[in-house]
Amino acid sequence: MERLTFNVGGARGGARGGALVVAGRDARAAARAPRLAQVKAKIAVVRERYDWDYLWMISFTALLFFRPQDQIPGLEVFHLAELTAIAGLAAMAVRRLSAGQTITKVNAEVIGVIVLGAIIVLTIPFSIWPGGSTKVFSDIFVKIILIFALMISTITTPRRVRQMTWVMIVASGYIAARGVFDYLRGVNLVEGDRLRGAVGGMFENPNDLALNLVTFMAPALFILFQDKKTSRRLVAGALCVVMLAAIVCTKSRSGFLGLLAMGAVVMFHTARVKPGIVLAAIVAGMMALPVMPDSFWNRMDSIMNADEDATGSRAARLRLIDQGVQVFLDNPVTGIGAGQFQNYNAPGVVEKWRVTHDVWLQVASELGLFGLLTFGFLVSRAYSANLSAMRMLRQPRRRSADRGTRIADPSTIDNQSGLRKHAIRNQSAIRNPQPAIELPEADRRILDTNAKGMLAALVGWTVCSLFASVAFNWTFYYVFALSVAGRDILFVRRAAAREAEPAPAPAPQLVRAHA
């Protein structure tokens with residue numbers, strides 16, 4: 001008479017009393033202890049030091065967002081932003097080359113941004129105004145490439161992720177506060193009563209101002225709802241109120257739609273941990289509705305009701321969509337050159353000297369099909385970076401030494417098929433372990449807030465960008481870089497944990513034992 005039993009570690013193991021026990025469990029647990037110590041030692045190597053390239057990058061970001069050159073006469077001639085960017089890039093090159101590394105960290109996202117820049121350059125000969133397209137690359141996009149690479153190479157710890165996020169939140173709150181103050185004074189208004197930015201650059205246009213505030217309000221909301229420190233929550237809450245007020249003052253329809261989409265993502269993730277906050281936010285929002293000015297609601301009504309659009313911009317946007325599609329169909333490979341849609345004046349063009357007011361039509365009409373595919377790749381990578389970070393953070397924080405290797409008494413499985421399936425499941429768990437990522441609780445919270453905040457920011461940006469030509473603006477690339485930085489930090493920690501994993505136990509095997 002024959003019966004099936006398990007043999008662990010080879011055919012000579014045998015079965016004892018009809019039950020199989022994994023031998024050496026305590027020895028493996030003891031062997032794991034020094035390996036965990038090695039993980040902690042490797043993590044400690046990535047210490048919080050303020051390298052010069054990181055400090056220069058922070059300085060550049062502050063100058064880009066706060067734009068002091070727009071307020072202090074004579075400061076613009078010094079080109080402070082360009083100088084800090086050059087200093088940061090030089091410091092990064094020295095630091096990485098001296099350590100035997102490449103001049104910048106190279107990953108799929110950095111390559112994708114470089115490829116988009118290369119497409120801009122390659123389409124310049126086919127541009128309707130080559131000089132204008134060259135200016136778009138030299139004045140804007142080459143800086144985006146360099147600063148993006150600098151951010152990916154320097155934002156390497158959770159603390160730096162938080163610091164960079166706070167710089168953008170505080171700067172956006174400052175711009176919003178100045179905007180609300182200007183609105184109350186009746187200055188910096190366009191189209192009668194729409195607020196535009198108090199500074200130039202990416203904050204000047206009312207729709208662009210609303211887009212940026214919606215984007216950077218997202219991480220501020222997660223800090224408000226989920227941060228453990230009261231002082232940070234109070235500051236984030238105040239900045240959120242100011243940014244919300246400024247968005248209302250812009251009377252931007254795209255900003256309003258983006259705000260709803262971004263808010264839905266924030267509420268979804270917050271409801272899973274603090275449902276009471278979501279209910280309170282909904283009640284507060286309903287109470288605030290009567291406070292909104294009638295002019296705001298009249299403009300929002302024009303989203304669905306063309307009769308409410310006194311300026312005719314709604315109808316003009318629809319014509320621009322048709323015009324953008326036609327330009328792309330006429331120039332599907334090379335486009336008409338970066339930044340040149342507003343200069344396109346072919347026969348039959350109705351809306352002259354206007355941008356597409358749609359980021360996807362902007363890229364398609366100006367860079368052609370390859371530019372559109374590359375830009376779509378970048379946006380998809382931004383989303384996937386945050387989703388990957390959230391998946392890694394959902395893994396168990398610690399994995400017991402014998403997880404995946406404990407095998408039940410075969411007598412509890414009543415047939416040969418069940419025994420074989422049981423063995424296969426345990427073999428799979430042994431051969432494909434998922435190492436736990438060792439993170440201090442504070443770092444875990446920072447990276448979780450970053451992943452969720454940047455995801456909500458991307459959703460808000462995506463909705464707003466359907467009504468804005470912002471493919472070559474800074475906003476997306478900053479959110480993109482922070483998304484990738486958070487994911488890569490977790491990749492590094494997971495790789496260190498995998499190196500410290502103990503060797504897997506020998507796979508259990510089915511052997512035949514004779515009675």
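This is a short talk on two pockets and two helix packings in the structure above. The model is a predicted one, so please hear everything that follows as computed from that prediction.

I will start with the pockets. The largest pocket holds about 1,400 Å³ of space. It is lined by 46 residues, and those closest to its centre are D139, I140, G201, N473 and W474. Which elements give two or more residues to that lining? They are α2 (52-66), α3 (80-98), α5 (130-154), α7 (206-226) and α13 (359-393). Of these, α5 gives the most to the lining, with eight residues. By class, the lining of the largest pocket has 22 nonpolar, 14 polar and 10 charged residues.

Next, the second largest pocket. Its volume is about 1,000 Å³. Here 35 residues form the lining, with L244, L259, A281, G285 and M292 closest to the centre. Two or more lining residues come from each of α6 (158-185), α7, α8 (230-250), α9 (253-271), α10 (275-288) and α11 (294-301). Please note α7, which is on this list and also on the list for the largest pocket. How does the lining of the second largest pocket divide by class? There are 31 nonpolar residues, three polar and one charged.

Now the helix packing. Two packed helices are described by the angle between their axes and the distance between the axes. I have two pairs, and α13 is in the first and in the second.

The first pair is α12, residues 313-330, with α13. The two pack at an angle of about 15°, and their axes are 8 Å apart. An angle under 35 degrees counts as roughly parallel, so α12 is roughly parallel to α13. The crossing of this pair is left-handed. On the α12 side, the contact is made by I321, G324, V325, V327 and F328. On the α13 side, the residues are L361, A364, S365, G368 and L369. By class, that contact has seven nonpolar residues, three polar and no charged.

The second pair is α13 with α15, residues 441-465. Are these two roughly parallel or roughly antiparallel? Their axes come within 9 Å and cross at roughly 155°. The cut-off for roughly antiparallel is over 145 degrees, and α13 and α15 are therefore roughly antiparallel to each other. This crossing, too, is left-handed. The contact of α13 with α15 divides into 16 nonpolar, four polar and three charged residues.

To close on α13: this helix packs with α12, crosses α15 and gives residues to the lining of the largest pocket.

Methods. Residues numbered from 1 in each chain as written. Predicted model: local features only at pLDDT ≥ 70, side-chain atom pairs only at ≥ 80, totals over all residues. Heavy atoms only, no water. 1 Å grid on protein atoms, 1.4 Å probe; cavity = no way out; pocket = protein on both sides within 12 Å on 5 of 7 lines; lining within 4 Å. Points joined across faces, edges and corners; volume = space filled by probe spheres on them. Helix = DSSP H or I, 4+ residues; strand = E, 2+ residues; numbered from the N terminus. Nonpolar A, V, L, I, M, F, W, Y, C, P; charged D, E, K, R; others polar. Axes fitted to C-alpha atoms, helices over the stretch in contact; angles between N-to-C directions. Parallel < 35°, antiparallel > 145°, perpendicular 65-115°, else oblique. Left-handed = near helix turned anticlockwise from the far one by under 90°. Contact = heavy atoms within 4.5 Å.
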